[in-house]
Structure formats: C-alpha cells, structure tokens
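Please walk through the fold shown below, starting from its overall make-up and then turning to the sheet, the helices and two single residues.

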Amino acid sequence: MNKDAFAQYLEKEGLKTTTINNHIRNLAKYKNVDMFELSIEDMNVVLTLKEAELNNSQKLTLANTMSKYLQYLDKPNENIIEYIKTINNELKKKYSERNKNKKYQYTKKDILKEINKFYKDGKYKEYIVGYLVYYFNTRNADLDILIVKSKKQAKNEKQNYLILRKSSIIYIRNDYKTAGTYGSKQHEIRGKKFYDSVKNILGDNDSVKLFDSFSNSTHMVKQMLPFGLKTSDIVKIVLAEDNSLHQASKISKKRGSALDTLESAYNLKV
C-alpha cells in the first residue's frame, strides 16, 4: 500500500489534514485484519471486513477508508459502498433504540439557566458557545468562528463568522459538516446578552477568533457547554422534551440535518 501517494490523492480531493491522517492510520489497521492477504479488490475488502473481529463502528471506519483507497487505485467500489450502507442502517437502528429509551439528567430549563449564568459571571465565550448550540443546534465545527466588525471582512467562503453590527450580530456558517448539501447559512441575532458578549470578546480588535486553536474541538467545546455536555446531547435533550415534527423541522433547518438523521440518532419519534 502506497501511503504517501494515497495521502497526496486525498489532499488533492480537498480533505483536511486530520481526515487524511485518519485514513492513513486506517490503512495500517486494515492490513492487520487482512488475515487472508487478499488482493485489494472491491469484494475482497468486503469479505475481509465481514470476517474481521471488529464491531460495526470499527468496520464502518475501515470500510470508508478502503472505499477511498479503491477510488485512488481507480478500481470499482460498488460492493463496499453497499456494505457501508448496510452497516450504517444497522448502527442507526441500534442508536435509535438506545436514544429513545435514554433518560437525561438535565432538562432544557437547566441548560438555559446555566447558559444565562455564564453571562452573569462574565464568561462571555461560554455564553456565546452555549447560546449558539442551544438556539442554533450547532455541531463543533460550526463554532470555529472569526468575530469581525464589518461584513467586508467576511469574504472567506470557508470561514464561519460573527459580524458585529450596530444593534445585532450576523452569524454566518460556511464551514460545517453538511455545508455541501445545505450551503451557507446566515442568521441575525438581536439578543442583548449575546450582542454584549460578542462585543466583549472582540474588544478593540478588528477581528478575533472565538477559539485560539480548534485542533481538539470536541474537548474544547464540551468544556464551554453547560454540565460538560456534548452538542449532540443538547439536541437530544431538546427533542426528548419536545418530540414534535415542528421542533424537528426547526432543528433540521438550523443544524443542516435530514429528518431521517434526527429520527435515527436524535430521539425523534414522529
């Protein structure tokens, strides 16, 4: 397996460095489970993964990498794509049952109270993060934000922005998980606490990053959220308390998630 050439191929495909590194590591993992040392062909990869002593999540991870590797080799990958769909459906069914029966320690009221306490305590960054996750159902990547004073500064189509205006904040999401499907999203936020928080973080600067570094986003965002919850936990709690199609549609539009994804992974029961 030519790892360097594969990495170059993935880079040309526009994948991020962390994603490329994960795929390279997965190649080595696949080699370890390939006990029959079969040639790298579509059906051989499927047979190898089916026989491997791995759980479905691990198989899915390796299958995604090997599908990419077959594309790099300019070989067919139709069977492995069908295999990926099968595992995905099995995992969705499992997660759906688990989430629908899950009881949560915190309520929407608890979360909102803690977010407002952030503002009261002068924790403006935590307030901004909590507000965006609670009201806009954002994922981690959506919070990799540059705060600017003018829309003229918001020209990078791969950057997320909070733009300070005279009496409101414009939140622009260009870089998020499903941007390729749903495109750029823009919202105007008029809440005084949110406005004051953004203004405090920006200070006298023309621009400032909400996070200095975003390399370990899951850990960093959890530290900023009420009770150390994850962004997905907050979506699940909201849907657990208001399990209506109306609420799900609002989350779908704001988050950039299909309704069937909310149904399988986020407690939607309608």
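Q: How many helices and strands does the secondary structure of the protein come to?
A: This is a predicted model, in which local features need pLDDT of at least 70 and side-chain atom pairs count only at pLDDT 80 or more, while totals for chains, interfaces and linings use all residues. Residues are numbered from 1 along each chain as its sequence is written, and side-chain values use heavy atoms, with hydrogens and water left out. Helices (H or I, at least four residues) and strands (E, at least two) are taken as DSSP runs and numbered from the N terminus. Counted in that way, the secondary structure comes to 13 helices and five strands.

Q: What percentage of the residues in the protein is buried?
A: A residue is called buried under 20% relative accessible area, exposed over 50% and partly exposed in between, with a 1.4 Å probe and protein chains only. Of the 270 residues in the protein, the buried ones make up 43%.

Q: What is the order of the strands in the open sheet?
A: Two strands are said to pair if DSSP finds at least two bridges between them, and the pairing in this five-stranded sheet is mixed. The open sheet has the order β4-β3-β2-β1-β5.

Q: Which are the edge strands?
A: An edge strand here pairs on one side only. That applies to the strands at residues 185-189 and 207-209, namely β4 and β5.

Q: Which strand runs parallel to β2, and which antiparallel?
A: Strand β2 (residues 160-164) is joined to β3 (residues 169-173) by four bridges, and these two run antiparallel; a hairpin of four residues connects them. Within this pair, Ile163 stands opposite Ile170, and Leu162 stands opposite Tyr171. Leu162 is also the bridge partner of Ile147, and four bridges join β1 to β2 in parallel. The parallel neighbour is thus β1, and the antiparallel one is β3.

Q: Which residues of β2 are buried on each side?
A: In a regular strand the side chains alternate between the two faces of the sheet. Five of the five residues of β2 are buried, and both of its faces are covered. On one side the buried residues are Asn160, Leu162 and Leu164, and on the other they are Tyr161 and Ile163.

Q: Which residues does Ser197 touch, not counting residues up to four places away in sequence?
A: Ser197 lies in helix α9 (residues 192-202) and is buried, with a relative accessible area of 0%. Contact here means heavy atoms within 4.5 Å. On that basis, Ser197 touches Tyr119, Tyr124, Tyr127 and Ile128.

Q: How far apart in space are Ile115 and Leu225, C-alpha to C-alpha?
A: Ile115 is found in helix α6 and is buried, with a relative accessible area of 1%. Not counting residues up to four places away in sequence, Ile115 touches Tyr127, Gly130, Tyr131, Tyr134 and Pro226. Although Ile115 and Leu225 are 110 residues apart in sequence, their C-alpha separation in space is 7.9 Å.

Q: Which elements are included in what covers the buried residues of α10?
A: In helix α10 (residues 217-224) the buried residues are Ser217, Met220, Val221 and Met224. Seen down the axis, they fall within an arc of 95°, so they line one face of the helix; the arc is that of the directions from the helix axis to the C-beta atoms. What covers them includes α6 (108-120), α7 and α11 (231-241).

Q: Which helices do the buried residues of α2 pack against?
A: Helix α2 (residues 17-33) has 17 residues, which at 1.5 Å a residue should span 24 Å (1.5 Å times one less than the number of residues), and its end C-alpha atoms are 25 Å apart, which agrees. Its buried residues are Ile20, His23, Ile24, Asn26, Leu27, Tyr30 and Val33. They pack against α1 (3-12), α3 (42-51) and α4 (56-72).

Q: At what angle do α1 and α4 pack?
A: Axes are lines fitted to C-alpha atoms, for helices over the stretch in contact, and angles run from 0 to 180 degrees between N-to-C directions. The axes of α1 and α4 lie 10 Å apart, and the angle between these two helices is about 95°.
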